[in-house]
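Please examine the structure shown below, with attention to its charged side chains and its pockets. The paragraphs that follow take these topics in turn.

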Amino acid sequence: MTAMEKMHTGKLYSCNDEEMAKNQLACLDRLYDFNATRPTEGEKREQLLKELFCEIGENCYIEPPLHANWGGKHVHFGKNVYANFNLTLVDDTHIYVGDYTMIAPNVIIATAAHPVSPQLREDVYQYNLPVRIGKNCWLGAGCIVLPGVTIGDNAVIGAGSVVTKDIPSNCVAYGNPCRIRRKISPDEKAIDIAKHGI
């Protein structure tokens, strides 16, 4: 099995692979083009995201700069996903983000990890675990989502959280490590309107 094939298995593989480096550089060149676009070049940005990402739904908007190990090659966005400045996608394997999810500035979603063994790290080994983020989630500024994590639909992750374990649907969670703080109430809409108006 080649290193490129092992990337999506969760098994250790060496990053010192010429084929892998060549493919990754091509992705990063296209990502550079996306980050070099002007704010007025919305159509160009949309087209580049379709070329960069594995899947991207309608009406997605990503504010440059975007950082991604593979330029989004292993990223699947649903429709109406919004990501603010400095989204970092460590997309060495697949990242799934559901429809209507909002991602605040400086969020990191990481799939890559390295072994604890110093010898294996010295030989540039790593392994990857996919990340899944549900529909209609909100990830606050500066969140870090670690490899293998699943976040359920409608979840709100507070700013600065480090998400080390799965978070279920319909809850508010925050902290380092991120913990569930409360369930989202059926009355949440009325509460929000009462507090902030509409």
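**Salt bridges and the largest pocket**

In this predicted model, the side chains of glutamate 188 and arginine 182 form a salt bridge, with an N to O distance of 3.1 Å. Glutamate 188 is buried, its relative accessible area being 14%, whereas arginine 182 is partly exposed at 39% relative accessibility.

Side chains of opposite charge can pair when their charged atoms come close. A search of the whole structure yields 3 salt bridges. Arginine 30 takes part in a salt bridge with glutamate 51, in which the closest N and O atoms are 2.2 Å apart. Because arginine 30 belongs to helix 2 and glutamate 51 to helix 3 (residues 42-52), this pair ties together parts that are 21 residues apart in sequence. Arginine 30 also meets aspartate 33 in a salt bridge of 2.8 Å, N to O. Both of these residues lie in helix 2 (residues 18-35), 3 residues apart, or about one turn of the helix. Aspartate 33 is partly exposed at 30% relative accessible area, arginine 30 is partly exposed at 32%, and glutamate 51 is partly exposed at 43%.

Glutamate 188 leads on to the largest pocket: Trp138, Val156, Ile184, Glu188 and Asp192 are the residues nearest the centre of this pocket, among the 14 that line it. The volume of the largest pocket is about 420 Å³. Helix 5 (residues 188-196) supplies the largest share of the lining, 4 residues. By character, the lining comprises 8 nonpolar, 2 polar and 4 charged residues.

Note on methods: Residues are numbered from 1 along each chain as its sequence is written. This is a predicted model: local features need pLDDT of at least 70, side-chain atom pairs count only at pLDDT 80 or more; totals for chains, interfaces and linings use all residues. Side-chain values use heavy atoms; hydrogens and water are left out. On a 1 Å grid over the protein atoms alone, a cavity is a set of points where a 1.4 Å probe fits but cannot get out, and a pocket is an open set with protein on both sides within 12 Å along at least five of seven lines; lining residues have an atom within 4 Å of a point. Grid points are joined across faces, edges and corners, and a volume is the space filled by probe spheres set on the points. Helices (H or I, at least four residues) and strands (E, at least two) are DSSP runs, numbered from the N terminus. Ala, Val, Leu, Ile, Met, Phe, Trp, Tyr, Cys and Pro count as nonpolar, Asp, Glu, Lys and Arg as charged, and the others, Gly among them, as polar. A salt bridge is a side-chain nitrogen of Lys or Arg within 4 Å of a carboxyl oxygen of Asp or Glu. Buried means under 20% relative accessible area, exposed over 50%, partly exposed in between (1.4 Å probe, protein chains only).
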